[in-house]
Amino acid sequence: MSNFISKINVSVTVKDLDLAVKPDQVDYVQRILDTPLDPETFAWLSTRAKSLEVGEELRKVVDYFKGAPGNTPAGFRRDIRLKKDGVLEVDLVRDISKDKDGKERPTKVLYSADSANPYEVAPIAPMLANLTCNPGIIYDLFLNNPEANVGNKYKDRDEVMTSIGDILGPGADISVELNNPFEQDFSKILEEVHRFEEILSPWRLVVKVPHTGPVNHENYTELLEGTGRLGKGFDKGTTADALRGHDLALRLHEEGYRVNFTLMFEPFQTQMALQARPYFINSFIRHRKMQTERIIGLLKAYELSHDAYFLAQLREYLAANDYIGADEKLDDLSVIQLAQTFLTYRGVDVNTDSFDGLDGVRHNLRALRNSNLEDTRLIICSMEGTMNYPDIDRLLMEDEFKDMADRVVVTAEPQYLARFTSTNQVVSYQRRFMKAAAGQA
């Protein structure tokens with residue numbers, strides 16, 4: 001039978017099995033009857049399946065998100081299994097690569113926005129599989145910014161998250177960061193997470209947890225006072241301090257929450273971060289690339305001129321960007337060695353003329369490929385300028401990474417992504433078209 005069906009290329013679905021359905025399941029089952037089956041599976045089920053039902057997760061999802069009759073919401077794949085007594089069960093599993101009715105999104109690469117501004121999220125919402133925001137994005141860039149929060153319409157974070165959830169619908173995850181990841185009482189952290197869950201639902205919520213480095217619940221106030229510089233160097237924290245983010249991410253994972261483990265700038269952070277079983281890891285591009293190019297320039301200038309001015313500029317630049325702690329006193333040689341060490345980490349040297357800043361992305365994709373975390377994705381984030389996005393787009397077409405495209409989420413401010421939908425010739429051709437149509441009904 002299966003060979004015959006394959007030869008004539010018949011498309012078959014769950015509906016074609018013509019299975020018995022319990023009366024209280026009819027409305028739910030109508031939503032999954034169009035689930036496609038390959039001919040071999042159809043033939044196998046035809047002799048074994050006796051009745052059809054939907055799983056508990058599907059019922060919960062449909063009851064929560066509603067949606068049009070006969071459909072299942074975006075952001076979920078359909079999972080089929082044959083249970084005992086011949087019961088064929090179709091259920092839903094969270095999967096942001098899926099569109100409505102379990103269909104694939106147009107591309108394997110997914111898109112996300114860095115924004116908490118409902119006004120700028122709305123135009124790009126249909127293209128998004130995720131949205132990510134942190135306290136700076138929520139408060140500084142939107143709530144407390146009168147140009148963005150027009151008329152002070154939105155009063156607090158809960159109102160903003162509620163609105164964004166309504167705009168995005170069920171198909172996009174929403175990564176929200178804790179206000180204070182240094183809170184020592186884990187029950188208070190869970191209270192904040194539970195509030196996010198109430199607003200966004202357990203299916204959309206992803207908890208954003210940062211790497212913490214040497215910052216802890218006692219010294220984080222140094223970041224809020226005076227110069228805002230931390231006394232300790234970035235690598236001088238205790239073991240407990242440095243692993244605070246890892247521990248928090250793992251504890252939240254054990255509580256059943258998906259975690260976006262953020263503030264990943266160097267490739268060497270990745271393998272340890274994966275031990276916390278995150279749902280997302282990150283590659284930050286913009287500032288790391290800019291800092292690398294600045295360090296290269298200052299080292300070159302000093303090597304060519306031996307002018308102490310450039311060494312002083314290098315020291316000042318490293319201090320301003322937290323390579324050196326406020327209380328650390330480094331001699332000239334140590335400053336040069338520190339700068340050269342970071343260039344080595346990034347695979348460049350002082351004679352390099354260009355640096356695409358994507359060495360961390362390449363490393364992280366390789367690390368994911370070699371990991372045992374099949375559902376973990378890489379967020380490529382923090383972009384600006386004319387080349388960051390095009391360089392990423394080209395990288396994902398390289399032969400080495402074609403198999404990893406479905407593990408990538410490209411994230412930027414909506415306006416940054418939008419700029420790459422246009423070219424000069426779009427304007428030229430629109431001029432021609434509009435002139436040609438002028439005066440026509």
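Author: Quick vocabulary first: a helix here is a DSSP run of H or I with at least four residues, a strand is a run of E with at least two, and both are numbered from the N terminus. Also, this is a predicted model.

Reader: Okay, then where does His 306 lie?

Author: His 306 has a phi near 55°, which is positive even though the residue isn't glycine. Most residues other than glycine have a negative phi. The place to look for His 306 is the loop between H12 and H13.

Reader: And is His 306 buried or exposed?

Author: The cut-off for exposed is over 50% relative accessible area. His 306 comes in at 59%, so it counts as exposed.

Reader: What about Ser 382, buried or exposed?

Author: Ser 382 also has a positive phi, near 65°, without being a glycine. It lies in the loop between strand S13 (377-381) and helix H16 (388-395). Buried means under 20% relative accessible area. Ser 382 has 8%, so it counts as buried.

Reader: Moving on to H13: which backbone nitrogen does a side-chain oxygen of Asp 307 reach at its start?

Author: H13 covers residues 308-320, and its 13 residues reach 18 Å from the first C-alpha to the last, close to the 18 Å expected. At the start of this helix, an oxygen on the Asp 307 side chain gets within 2.9 Å of a backbone nitrogen. That nitrogen belongs to Tyr 309.

Reader: Around the H13 axis, how wide an arc do the buried residues cover?

Author: The buried residues of H13 are Leu 311, Leu 314, Leu 318 and Ala 319. They sit on the same side of the helix, because the arc they cover is only 130°.

Reader: Which residues are exposed on the other side of H13?

Author: The buried residues of H13 pack against helix H12 (286-305) and helix H14 (332-345). Just after the helix, Asp 322 takes a positive phi of about 70°. Opposite the buried side of H13, the exposed residues are Glu 316 and Ala 320.

Reader: How about H14, within what arc do its buried residues fall?

Author: H14 has 14 residues and reaches 20 Å between its end C-alphas, close to the 20 Å expected. Val 335, Ile 336, Leu 338, Ala 339, Phe 342 and Leu 343 are buried in it. Seen down the axis, these buried residues line one face of the helix, because they fall within an arc of 160°.

Reader: What do the buried residues of H14 pack against?

Author: The face of H14 turned away from the buried side carries two exposed residues, Leu 333 and Thr 344. Just after the helix comes Gly 347, with a positive phi of about 75°. As for the buried residues of H14, they pack against H12 and H13.

Reader: Let's do strands. How many residues of S9 are buried?

Author: Asp 173, Ser 175 and Glu 177 point one way from S9, while Ile 174 and Val 176 point the other way, and all are buried. The strand is largely enclosed by the rest of the structure, because the buried count is 5 of the 5 residues.

Reader: Which residue of S10 stands opposite Ser 175?

Author: S9 pairs in the parallel sense with strand S8 (residues 130-133) over 4 bridges, and Leu 131 has Ile 174 as its bridge partner in S9. S9 also runs parallel to strand S10 (residues 205-210), again over 4 bridges. In that pairing, the residue opposite Ser 175 is Val 206.

Reader: Through which helix does the chain cross from S9 to S10?

Author: This is a β-α-β crossover, and it is right-handed. The helix in between covers residues 186-200, and it is H8.

Reader: In the sheet S2-S4-S6-S5, which are the edge strands?

Author: That sheet is open, with 4 strands and mixed pairing. S5 pairs with strand S6 (residues 87-94) in the antiparallel sense over 7 bridges, and Arg 78 stands opposite Leu 92 there. An edge strand pairs on one side only, and that describes S2 and S5.

Reader: Last one: which residues does Arg 362 touch beyond four places away in sequence?

Author: Arg 362 sits in helix H15 (residues 359-369). With 19% relative accessibility against a cut-off of 20%, it counts as buried. Its contacts are Asp 356, Leu 395, Glu 398 and Phe 401.

Definitions and conventions: Residues are numbered from 1 along each chain as its sequence is written. This is a predicted model: local features need pLDDT of at least 70, side-chain atom pairs count only at pLDDT 80 or more; totals for chains, interfaces and linings use all residues. Side-chain values use heavy atoms; hydrogens and water are left out. Buried means under 20% relative accessible area, exposed over 50%, partly exposed in between (1.4 Å probe, protein chains only). Two strands pair if DSSP finds at least two bridges between them. A crossover is right-handed if, with the strands pointing away from the viewer, the path from the first strand over the helix to the second runs clockwise. The expected span of a helix is 1.5 Å times one less than its number of residues. The arc is that of the directions from the helix axis to the C-beta atoms. Contact means heavy atoms within 4.5 Å. A polar contact is a pair of N or O atoms within 3.5 Å; within protein, one must be able to donate a hydrogen and the other to accept it, and residues adjacent in sequence count only if both atoms are side-chain atoms.
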